[in-house]
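Please work through the exercises on the structure shown here. Each one sets a task and is followed by a stepwise solution.

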Amino acid sequence: MNDIDRAARAVREDRLWQRHLDMAKLGGTAKGGVNRQALSPEDAAARNQLMGWAKARGFSVFTDAIGNLFVRRPGSDDGARPILSGSHMDSQPTGGRFDGMYGVLAAFEALEALEDAGVRTRRPIEAVAWTNEEGSRFQPGAMGSAVFAGHYPLASALTVADWKGVVLRDALSQTLAAAPATRRSEAPGFALDGYVEAHIEQGPRLENARTTIGVVTSIQGSRRFMVEILGEEAHAGTTPRAARKDAFVAAVAIAGAMQAATRDADDTLRFTIGRVDVQPGSPNTVPGRVSFSIDMRHPATDVLDAHEAKLRAIVAAEAAPCTASIERTMAVAPTVFDPDVVGLVRDAARRQGFSHMDMPSGAGHDAMHIAGLCPTGMVFVPCERGVSHNEIENATPADLAAGTRVLVEALLRLANR
Ligand code: GLV
Ligand code: MN
Ligand code: MN
């Protein structure tokens, strides 16, 4: 048997599944999901778990200035640029057991499978857990990979505060104190020769098509905005309508107009208001200030541009008698993955006999930042009914193992190039 088949067969479905169950205990919720937000004590616990497993296998572990965590299996040419694979261990507040964690555990299982099969690679292969992919606690998301890639300044990341006012620098140093690892270098980022990220699909297409492997060709572009509306606090019982500057009334008008303006005929544009903050938050005071977040996505930059212009016009038109502003807090261009890596993933699925289909990604992933640094691709596996960002998110042990076998083959081919 050749190295690729030996390594793919060394992927252990039971071990990979058990590792998901073990990780799901860290921040586990009553409904069976996880709340393991970035740089929380639960995140530190997951880091310690991964590092414990890594050290037990004799792999070295490193972190960097933004807390990205790397597990390294050496290559026979150990000075060669490594191949990287991974995803994230942080979750949404009501997150599932597989979003992100699967990509980290699949990469780690790949290292273990190579080890168990006694297969050496020319290049080192590293598993990575990127810091703060979700962006639900600290914005923007995909922060660790963005800082690694030089797309977002480390200094800006360190000064971001969460909704409670905790500054990222402090949360990061607490996390790294609780889960210490060797610091690799002061400046984040190092040269890579390839990156492949495994992930659950987070949508229903694979399951509907009864297909095991998604060969990911692209990721749609995404933008985030914050809208802030300023009105005037007033007594809820006495203030007549004409005298009110109710920031929530203006927010409803703005949000309603935005929903209408972003409803496209072919249901491609994604528009979400996921967080609304109403101040002072008292039942009997007219709200004086409302802020809300917008997440907007589409595969085409010109469509995003056109809709951004519409959002800005709506904020200007609908705020009176309040005042309102809109700030763009994040923009990631659509990503097209490297045809060679896409081809490696497709060939691996075909060669190993898994049903597969090419598909774009609707969700964002750390791969969108790494794609500019080195040849990059992704492997998707189905998740139940396509449900994700939900505590009931589910996937089958067999599908997770299949995606990992495809991942191993792609990594091995890249590492011997
Ligand atoms: C990642 O979770 C995303 O929002 O796409
Ligand atoms: Mn994810
Ligand atoms: Mn997610």
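The exercises below treat the metal sites, the nonpolar cores, the cavities and the pockets.

This is a predicted model, in which local features need pLDDT of at least 70, side-chain atom pairs count only at pLDDT 80 or more, and totals for chains, interfaces and linings use all residues. Residues are numbered from 1 along each chain as its sequence is written, chains are lettered from A and ligands numbered from 1 in the order in which they are written, and side-chain values use heavy atoms, with hydrogens and water left out.

**Exercise 1. Identify the protein donors of the manganese ion (ligand 2) and locate them in the chain.**

Solution.
- Step 1: Apply the donor criterion, namely N, O and S atoms within 2.8 Å of the metal (3.2 Å for Na, K and Ca); water is not among the atoms, so sites may look incomplete.
- Step 2: For the manganese ion (ligand 2), the protein donors are His88 (NE2), Asp99 (OD) and His199 (NE2), at 2.0 to 2.3 Å. Their spacing in sequence is H-x10-D-x99-H.
- Step 3: Assign the elements, where helices (H or I, at least four residues) and strands (E, at least two) are DSSP runs numbered from the N terminus. Histidine 88 belongs to strand 3 (residues 83–88), and aspartate 99 to the loop between strand 3 and helix 4 (101–117); the two are 11 residues apart, and the pair links distant parts of the chain.
- Step 4: Histidine 88 and aspartate 99 are both buried, where buried means under 20% relative accessible area, exposed over 50% and partly exposed in between (1.4 Å probe, protein chains only).

**Exercise 2. Determine which residue bridges the manganese ion (ligand 3) and the manganese ion (ligand 2).**

Solution.
- Step 1: The manganese ion (ligand 3) is coordinated at 2.1 to 2.4 Å by Asp99 (OD), Glu134 (OE), Glu134 (OE) and His389 (NE2). Along the chain, these donors follow D-x34-E-x254-H.
- Step 2: The bridging residue is aspartate 99, and the two ions lie 3.6 Å apart.
- Step 3: Aspartate 99 lies in the loop between strand 3 and helix 4, and glutamate 134 in the loop between strand 4 (125–130) and helix 5 (143–148), so this pair ties together parts that are 35 residues apart in sequence. Aspartate 99 and glutamate 134 are both buried.

**Exercise 3. Describe the largest nonpolar core and state which residues touch the most other members.**

Solution.
- Step 1: A nonpolar core is a set of buried Ala, Val, Leu, Ile, Met, Phe, Trp, Tyr and Cys residues joined through side-chain atoms within 4.5 Å.
- Step 2: The largest core holds 87 residues, and Met23, Leu50, Val71 and Leu400 touch the most other members. Helix 4 provides the largest share of this core, 12 residues.
- Step 3: Taking contact as heavy atoms within 4.5 Å, and setting aside neighbours within four places in sequence, leucine 50 contacts Met23, Leu69, Val71, Met89, Val104, Phe108 and Ala129.
- Step 4: A separate second core has 21 residues, among them Val227, Ile229, Ile254 and Met296.

**Exercise 4. Characterise the largest cavity and the largest pocket by volume and lining.**

Solution.
- Step 1: On a 1 Å grid over the protein atoms alone, a cavity is a set of points where a 1.4 Å probe fits but cannot get out, and a pocket is an open set with protein on both sides within 12 Å along at least five of seven lines; lining residues have an atom within 4 Å of a point. Grid points are joined across faces, edges and corners, and a volume is the space filled by probe spheres set on the points.
- Step 2: There are 2 cavities of 30 Å³ or more, and the largest has a volume of about 40 Å³. Its lining consists of Asp43, Arg47, Met89, Asp90, Ala129, Trp130, Thr131 and Asn132. Helix 3 (41–56) and strand 4 each supply at least two of these lining residues.
- Step 3: The largest pocket contains about 1,400 Å³ of space. Of its 50 lining residues, Gln92, Arg224, Asp295, Arg297 and His389 lie nearest its centre. Strand 13 (289–298) is among the elements that each supply at least two residues, and strand 13 gives the most, with 4.
- Step 4: The lining of the largest pocket divides into 12 nonpolar, 24 polar and 14 charged residues. Here Ala, Val, Leu, Ile, Met, Phe, Trp, Tyr, Cys and Pro count as nonpolar, Asp, Glu, Lys and Arg as charged, and the others, Gly among them, as polar.
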